[in-house]
There are 2 protein chains.
Amino acid sequence: MNVMNESPRRKELTRQAARLFVQEGFDRTTVRMLADEMGIKSGSLFHHFRDKQAILAAVIEEGTQNALNMAHQALNDTGETASARLHAMARAHLQTLHTDRNAHVVALYEWRRLEPAARSHLSHLRDAYEALWESVIDDALTAGLIHGDRFLVSRFIMGALNWTVRWYDPEGERTPDELANELVAMLTQPSN
Amino acid sequence: MNVMNESPRRKELTRQAARLFVQEGFDRTTVRMLADEMGIKSGSLFHHFRDKQAILAAVIEEGTQNALNMAHQALNDTGETASARLHAMARAHLQTLHTDRNAHVVALYEWRRLEPAARSHLSHLRDAYEALWESVIDDALTAGLIHGDRFLVSRFIMGALNWTVRWYDPEGERTPDELANELVAMLTQPSN
DNA sequence: GGGTCAACCAAGCAAGCGCTAGTGTTAATC
DNA sequence: GATTAACACTAGCGCTTGCTTGGTTGACCC
């Protein structure tokens, strides 16, 4: 078994698994379907992953880690004003959400299928990501850019952003950047 | 079999099924678990529902129908100003979302497990509900209460509202009404 | 050229799955 | 008192599930 190893092969298999998990759902995706997709036999699958759960955990970890990296990067690459940082975070969020779409959809929909052990490990990653958001929102509140309860505002924003996976079409007219701008505009522009 | 019948017994079984579907997910919930929960044997279950799919459809139909009824009621009971109607819809949405919580969580998470036949029937119910929302949002835009793209604004709002099932604690301090007010305030108050 | 090791395969096991068939049992209806 | 219909039960069929086992292959290494 290859559990600890982050081999390129394993990474590729994880990507393919994510596709199937999105298409069929975790529970309906059988190890035989996964193996077919990967071009191997179902037995061979357990050379790369301890069990089916481990594949789910790998998919979600990959997506969440990427989101965290992208967010850090985005904050480093932008100005220090509250407005710039809010825009940067919203843009980064929508970008990962739709470039790593499969992994994120799995993370959003199948989180509850994780066994407690995997869940607690991945919770830390997610908490780190959310902490980043909270600090950006805090700044925006302090700067008077947006208004409302700190706790509620951040959850409303996350909801609006994450909900996009249900309706946003990356092939359509709007870019993720435009989406981010529209969301921030909706929250910040005075009513006239 | 009792498929057409909306017997009280069936309604009660549907409610219990919703609880299990939320707790375990549709695919992981076996007919034996459902029967246990209902205090009958697994074979008896198929007297009330044609198959497992029909239970899922019943749960979702119940929730969606209630939401639609509540929304109509709320609009009837409120004033005609765009602001009053927007508040009323947000309140009604959060109220069903958390009184019929199980059914709505199932509708949000397990929609994709519906077979095409059931899905197309339930789509109409959902479309009717969303049409109601769109008309209220249109009015709010026209009145200058909120601003932005009609399509995007409505989806951002639905996202923020539906996301509450992930974090809102009905036993906590805030009532659904307060939540609704805070959301509308976030969208409508000028930045100072 | 013997040893190592990741990668894969063929075969199949034990458990669990959705669902069916056939048979009471009870309470209301005629 | 016979008939009916709703509701429940027992038993189990046929199939799929996640996963294991024991073995093969080929690339690389000293």
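**Exercise 1. Two copies**

Task: Work out how chain A can be laid on chain B, and how the two copies are related.

Solution:
- Start with the superposition. In this predicted model, a turn of 179° and a shift of 0.1 Å along the axis lay chain A on chain B, with an RMSD of 0.1 Å.
- Now interpret the turn and the shift. The two copies are thus related as by a two-fold rotation axis.
- Then check the contact surface. Of the contact residues of chain A, 98% recur in chain B. The same surface serves both copies.

**Exercise 2. The make-up of chain A**

Task: Count the helices and strands of chain A, then give the box that its C-alpha atoms fill.

Solution:
- Count first. Chain A has nine helices and zero strands.
- Write the order along the sequence. The pattern reads α-α-α-α-α-α-α-α-α.
- Add the dimensions. Along the principal axes, the C-alpha atoms of chain A fill a box of roughly 65 × 35 × 30 Å.

**Exercise 3. Helices α7 and α8 of chain A**

Task: Classify the angle between α7(A) and α8(A), and list the residues that make the contact.

Solution:
- Locate the helices. α7 spans residues 116–142 of chain A, and α8 spans residues 150–163 of chain A.
- Take the geometry. Their axes come within 10 Å and cross at roughly 120°.
- Apply the cut-offs. Angles from 65 to 115 degrees count as roughly perpendicular, and those over 145 as roughly antiparallel. α7(A) and α8(A) are therefore oblique to each other.
- Give the handedness. The crossing of α7(A) past α8(A) is right-handed.
- List the contact. α7(A) supplies Tyr129(A), Trp133(A), Glu134(A), Ile137(A), Asp138(A) and Leu141(A). α8(A) supplies Arg150(A), Val153(A), Ser154(A), Arg155(A), Ile157(A), Met158(A) and Leu161(A).
- Sort these residues. Eight are nonpolar, one is polar and four are charged.

**Exercise 4. Helices α5 and α8 of chain B**

Task: Describe how α5(B) packs with α8(B), and class the contact residues.

Solution:
- Take the angle and distance. α5 (residues 82–99) and α8 (residues 150–162) of chain B pack at about 35°, with their axes 10 Å apart.
- Give the handedness. α5(B) passes α8(B) in a right-handed crossing.
- Name the partners. His93(B), Leu94(B) and Leu97(B) of α5(B) meet Met158(B), Leu161(B) and Asn162(B) of α8(B).
- Class them. Four are nonpolar, two are polar and none is charged.

**Exercise 5. A salt bridge between chains**

Task: Find the salt-bridge partner of Glu110(A), and say where each residue lies.

Solution:
- Recall the principle. Side chains of opposite charge can pair when their charged atoms come close.
- Note the total. Over all chains, the structure holds 20 salt bridges.
- Identify the partner. Glu110(A) pairs with Arg113(B), and their closest N and O atoms are 3.9 Å apart.
- Place the residues. Glu110(A) sits in helix α6 (residues 101–110) of chain A. Arg113(B) sits in the loop between α6 (101–110) and α7 (116–142) of chain B. The pair crosses between chains.

How values were computed. Residues are numbered from 1 along each chain as its sequence is written. Chains are lettered from A and ligands numbered from 1 in the order in which they are written. This is a predicted model: local features need pLDDT of at least 70, side-chain atom pairs count only at pLDDT 80 or more; totals for chains, interfaces and linings use all residues. Side-chain values use heavy atoms; hydrogens and water are left out. Axes are lines fitted to C-alpha atoms, for helices over the stretch in contact, and angles run from 0 to 180 degrees between N-to-C directions. Helices (H or I, at least four residues) and strands (E, at least two) are DSSP runs, numbered from the N terminus. Angles under 35 degrees count as roughly parallel, over 145 as roughly antiparallel, 65 to 115 as roughly perpendicular and the rest as oblique. A crossing is left-handed if the near helix is turned anticlockwise from the far one by less than a right angle, and right-handed if clockwise. Contact means heavy atoms within 4.5 Å. Ala, Val, Leu, Ile, Met, Phe, Trp, Tyr, Cys and Pro count as nonpolar, Asp, Glu, Lys and Arg as charged, and the others, Gly among them, as polar. Copies are superposed by least squares on the C-alpha atoms of residues with pLDDT of at least 70 in both. A salt bridge is a side-chain nitrogen of Lys or Arg within 4 Å of a carboxyl oxygen of Asp or Glu.
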